[in-house]
Amino acid sequence: VQLQASGGGLVQPGGCLRLSCAASGSIYSAGAMGWYRQAPGKQRELVASIISSGSTNYADSARGRFTISRDNAENTVWLQMNSLKPEDTAVYYCYADLRSSGIYYYTNYWGQGTLVTVSS
């Protein structure tokens, strides 16, 4: 089982990006999925999360600008980021609590990180 994140890049302030994270492998179901970020010299922080029912949670800094969504059938989570600011510059990491086939508990997995740079 692995998570593959993509979609980072360089964008000007006020611009938008869409991050994707797909889980692959022998997956029976996915629990919570979401995104953290880590800026240079700072601790990793939660950006947004979503559970299988679609209920979402956002950091105050992301609420109103970012939208998290998921496809339960494809075990994929997205983060649509609008009105980006320089302070959004960070490495973004996706995570997912996944239950593999034949296993009766969830395991936390992390993607490899994708760099988002907001700069003019």
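1. A good place to start is the aromatic cluster made up of Tyr36, Tyr95 and Trp110. Please keep in mind as you look around that this is a predicted model. Searching the whole structure turns up three aromatic pairs.

2. Let's take one pair from that search. The ring centres of Tyr36 and Tyr95 are 5.6 Å apart and their planes stand at 65°, so this pair is edge-to-face; the angle that counts for this label is over 60 degrees. The two residues come from distant parts of the chain: Tyr36 belongs to strand β4 (residues 27-38) and Tyr95 to strand β9 (residues 90-100), with their positions 59 residues apart.

3. How accessible are these two tyrosines? Tyr36 has 24% relative accessibility and therefore counts as partly exposed. Tyr95, at 10% relative accessibility, counts as buried, because the limit for buried is under 20%.

4. Next, have a look at Arg44, which sits over two rings. Arg44 lies over the face of Trp110, 5.0 Å from the ring centre, and Trp110 is a member of the cluster in point 1. Arg44 also lies over the face of Tyr93, here at 3.9 Å from the ring centre.

5. Finally, a loop residue that deserves a visit: Asn75, found between β7 (66-71) and β8 (76-81). Is Asn75 buried or exposed? With 13% relative accessibility, Asn75 counts as buried. Setting aside neighbours within four places in sequence, Asn75 is in contact with Cys21, Ala22, Ala23, Ile27, Ala30 and Met33.

How values were computed: Residues numbered from 1 in each chain as written. Predicted model: local features only at pLDDT ≥ 70, side-chain atom pairs only at ≥ 80, totals over all residues. Heavy atoms only, no water. Phe/Tyr/Trp six-rings, centres within 6.5 Å; stacked < 30°, edge-to-face > 60°. Helix = DSSP H or I, 4+ residues; strand = E, 2+ residues; numbered from the N terminus. Buried < 20%, exposed > 50% of the residue type's maximum accessible area, 1.4 Å probe, protein only. Lys NZ or Arg CZ within 6 Å of the ring centre and 35° of its normal. Contact = heavy atoms within 4.5 Å.
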